[in-house]
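Me: I should like to understand the terms used for this structure and the values on which they rest. Please take me through them in order.

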Amino acid sequence: MVRTGAGPTAARRRRCLPGPPSRTRLARGRRPAARRHRHTSWFIDTGFGGGTAEFSPLTEGEVREVVRLEQVAEQVIAEVGAGRAVFDEIEARLRDRARQAVGLKSIVAYRCGLDFPLRDRPPKAVFPEHRLTDPDLLGWLVGLGTRIGAEFGLPLQFHTGFGDTDLRLHRADPLLLTDFLRKTANTGLTVMLLHCWPFHRNAAYLAHAFGHVRMDIGLTVPYVGHRAQAVLAEALELAPFRSLCYSSDGYGLPELHFLGAFWWRRGLGRLLDEWLAEDLITTADAERLAAGIAHINAEDAYPSTPAR
C-alpha cells in the first residue's frame, strides 16, 4: 500500500461517507474498514506521514514498512552534514531499516526523473538540501537501494506515472528505466513499478520483457473509477498474470482503502466476466488470476519475514 497525493474526491462522495470525517472519527473508522475487507498484511510507505506504530493498533493484520530511500538520505544529511562520512552513514541507516522492512521505494521520478544517471560511487560533494534533487546523488542512492534490495531480498519500488504537481509527467515514464532494468536483470532484485498511468501499457511491456519487473497500479484504479476495467484490460494485454499486484493506495481517510478495494473488485470482476463470456479464459484460470492479483503475486514478490 503506497501513497501519493489527495484522494479521488468525487468518487469518495458517491461511494463513501458524505465529506471528510473528523480526526476522531477517522481513528474510529479505520479499524472496521480494515477488518471488513479482511486484509492480512499492510505494507506502509513511511516516507510520508506516520509510521507503522501509528497504524498497527487500527488493524488486526500484520503491518510492515516500505522504506523510502530519499527520506532516509535527507534525514541523515540533516543530522550529519555534507561531509564525506555522510555516504557511509546513509548506507548504514538504510541497511538497518532494511532488516525489518518489506520493501524499499524511490521517488526519483519526482526529483530528477526516471532517466537518472546510473552511479556506482557517490558524488564528490553533497549539498545540504532539504529536498534532494542532485541527479548524481540520486543515481548513487538508487544504486545503493538496488544493492541492498538484492542482498536482503526486498523489492525496490519506483513511483512512475502521474502524481502531485511537483512531478514532470514526461520524466515519469517507466520506459526511461530500460537501461536500469537491463543492468539489474540478473542481480536478484525485484523492481515494482507503481501507479504507472498513463504509461500502464509501457509498464506492462517492461513486465513482459524483464522477468524481474512487477507492476502495481494501485493509485490509478480509484482515480479512473468506472474505467478501471479498461485500464486493467490494457495492462493485461502484455503484462504476465504473475506480474500485476493489488494495492489500495489508501492514505489518511479509511474510505480510500475501501474505495481502492471497491474499484479493483468491480473492474477486475467485470473484465473476467467479459473474458469468460467470450470463452477467452477458463473459470479455473480466472480464479487463479484474481487470487494472484489479490495476494499471491505480492506474496511472491515481497519477503514473508524480516531479513534481520
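Reply: Rings of Phe, Tyr and Trp (its six-membered ring) pair if their centres lie within 6.5 Å; planes under 30 degrees apart count as stacked, over 60 as edge-to-face and the rest as tilted. In this predicted model, Phe116, Phe158 and Phe180 form one aromatic cluster, and the structure holds eleven aromatic pairs. As to the basis, the model is predicted, with local features needing pLDDT of at least 70 and side-chain atom pairs counting only at pLDDT 80 or more, while totals for chains, interfaces and linings use all residues. Residues are numbered from 1 along each chain as its sequence is written, and side-chain values use heavy atoms, with hydrogens and water left out.

Me: What makes Phe162 and Trp197 an aromatic pair, and of which kind?

Reply: Their ring centres are 5.6 Å apart, against a limit of 6.5 Å. The planes meet at 75°, and over 60 degrees counts as edge-to-face. The pair links distant parts of the chain, 35 residues apart: Phe162 lies in the loop between strand 4 (156-160) and helix 8 (178-183), and Trp197 in the loop between strand 5 (191-195) and helix 9 (200-209). Helices (H or I, at least four residues) and strands (E, at least two) are DSSP runs, numbered from the N terminus.

Me: Why is Phe162 called buried or exposed, and how is Trp197 classed?

Reply: Buried means under 20% relative accessible area, exposed over 50%, and partly exposed in between, with a 1.4 Å probe and protein chains only. Phe162 has 17% and is therefore buried. Trp197, at 34%, is therefore partly exposed. Pro198, located in the loop between strand 5 and helix 9, has 35% and so is also partly exposed.

Me: Why is the pair of Phe262 and Trp263 given its class?

Reply: The ring centres are 4.9 Å apart and the planes stand at 80°, so this pair is edge-to-face. Both Phe262 and Trp263 are buried.

Me: How do you know that the span of helix 12 agrees with its number of residues?

Reply: The expected span is 1.5 Å times one less than the number of residues. For the 24 residues of helix 12 (residues 254-277) that gives 34 Å, and the end C-alpha atoms are 35 Å apart, which agrees. After helix 12 comes Asp279, whose phi is positive, near 60°.

Me: What makes a set of residues a nonpolar core, and which residues have the most contacts inside the largest one?

Reply: A nonpolar core is a set of buried Ala, Val, Leu, Ile, Met, Phe, Trp, Tyr and Cys residues joined through side-chain atoms within 4.5 Å. The largest has 73 residues, and those with the most contacts inside it are Ile90, Leu94, Phe158, Phe180, Leu193, Met215 and Ile217. Helix 12 supplies the largest share of this core, nine residues. A second, separate core of nine residues includes Phe43, Val102, Ala301 and Tyr302.

Me: Which residues does Leu193 touch?

Reply: Contact means heavy atoms within 4.5 Å. Leaving aside residues up to four places away in sequence, the residues that Leu193 touches include Phe158, Thr160, Pro174, Leu177 and Met215.

Me: Why are strand 1 and strand 7 called edge strands?

Reply: Two strands pair if DSSP finds at least two bridges between them. The open sheet has seven strands in the order 1-2-3-4-5-6-7, with parallel pairing. Strand 1 (41-45) and strand 7 (244-245) each pair on one side only.

Me: How many bridges join strand 2 to strand 3?

Reply: Three bridges join strand 2 (residues 62-68) to strand 3 (residues 103-106), where at least two are required. The bridge partner of Arg68 in strand 3 is Lys105.
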